[in-house]
Every structure is written in structure tokens, then in C-alpha cells.
Amino acid sequence: PLLQKSVSGRPRLRFALAPEPLRILGDAARLEQVLFNLVTNAGDATLEKGEILVSTGTVDASEARWQTEPAASAARAIRLEVRDTGVGMRQEVLDHLFEPFFSTKSPDHGSGLGLASVYGIVQQSGGVIRVASEAGQGTQFSVYFPERTDATPDARDGSSVSV
């Protein structure tokens, strides 16, 4: 419901979620923040008749191209994807996308901290984030996390999240 309200009256929000719960290691509230920021940004970039698709699934870990050692042993990755039919981004914007305080929005509409926070949370959770975008063609954020298995060591706080 919160995601629906974040794009209320604007683009259509659709979901294509895995049929079974997918388990990752991470802080639930922070991972919700990742999803909320990605959907909100997609809503800001998408016109009324556009669409935002949120999807989840599993992929072979090689698709994630892990950059962190703890995730390297994962056989499968959990993918969270947010795709929109919005205005897209030029390469100059993509080059600075995750920098703190970088924003293409007016000062009264954004702080430039949302995607920097997303990047930090994903990294802290052992994941990676990929962005594909082209001006006028929309944007796709693909976030990959190592799959949590029974053999996965617990984090310090022992948190595990199903997405």
C-alpha cells in the first residue's frame, strides 16, 4: 500500500513476484528503504500513462557478478528489479547517480541522498546494483543479493529477510 501511495495518480505500478519467499541476509527496514526509494524515483521519472514493474526472482550467481568476497560462494542470487517506462537518463547522469547530494531534481523536491543510501544498503547487505537506462527509454535497476541458505552464516544480529 505504501508503494502504491508513493506513485498515486501517476504511473501504473505492477508486481511480478517469485511464487515462493526468497531469503536474503539483511536488515528488513533498510531493505524496505531500498525498494521505496527505487519505486519513488521511478514514479518521479514516469509519466501518468507510464508503468513501473517491480519483480523478484532467483538467478545464477554469475549474473550478479559479485564484487564482494562473502557473496562469491553463493550459487544463486536473489534479484530485485524495478523497471520504469520513464524519461530515462543520459550517461552524464548515470556517471554520478550514486554520489551523495547528486540530484537532477529541484532543491525542494530531493536531497540527492536516496540513491546514495540505496547503494550503501545494498553494499552492506553483500549485494550489487546495476543500472540500465537510456534517455527517453526508461530505466531498470537490478539489485542482486546472495541467496540465504540454511548453511549461510548468520549476520551479527542474525537477521534474515524474505522478499
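This briefing covers a five-stranded sheet and two helices that pack on it. The model is predicted: local features need pLDDT of at least 70, side-chain atom pairs count only at pLDDT 80 or more, and totals for chains, interfaces and linings use all residues. Residues are numbered from 1 along each chain as its sequence is written, and side-chain values use heavy atoms, with hydrogens and water left out. Helices (H or I, at least four residues) and strands (E, at least two) are DSSP runs, numbered from the N terminus.

**The sheet**
- The sheet is open, with strand order β1-β3-β4-β6-β5 and mixed pairing (two strands pair if DSSP finds at least two bridges between them).
- At its edges lie β1 (12–16) and β5, each pairing on one side only.
- On average, neighbouring strands are turned by 15° against each other, direction ignored.
- β1 and β3 (residues 51–60) run parallel and are joined by five bridges.
- Phe15 stands opposite Val54 in β3.

**Helices on the sheet**
- Helix α2 packs on the sheet and touches β1, β3, β4 (76–84) and β6 (contact means heavy atoms within 4.5 Å).
- The direction of α2 makes about 30° with that of β4; axes are lines fitted to C-alpha atoms, for helices over the stretch in contact, and angles run from 0 to 180 degrees between N-to-C directions.
- Helix α5 also packs on the sheet, touching β5 and β6, and its direction makes about 140° with that of β5.

**Helix α5**
- Within α5 (residues 114–124), Leu115, Ala116, Val118, Ile121 and Val122 are buried, meaning under 20% relative accessible area (1.4 Å probe, protein chains only).
- The cover over these buried residues includes α2 (28–45), β5 (128–134) and β6 (138–146).
- Gly126, just after α5, takes a positive phi of about 80°.

How values were computed. Buried < 20%, exposed > 50% of the residue type's maximum accessible area, 1.4 Å probe, protein only.
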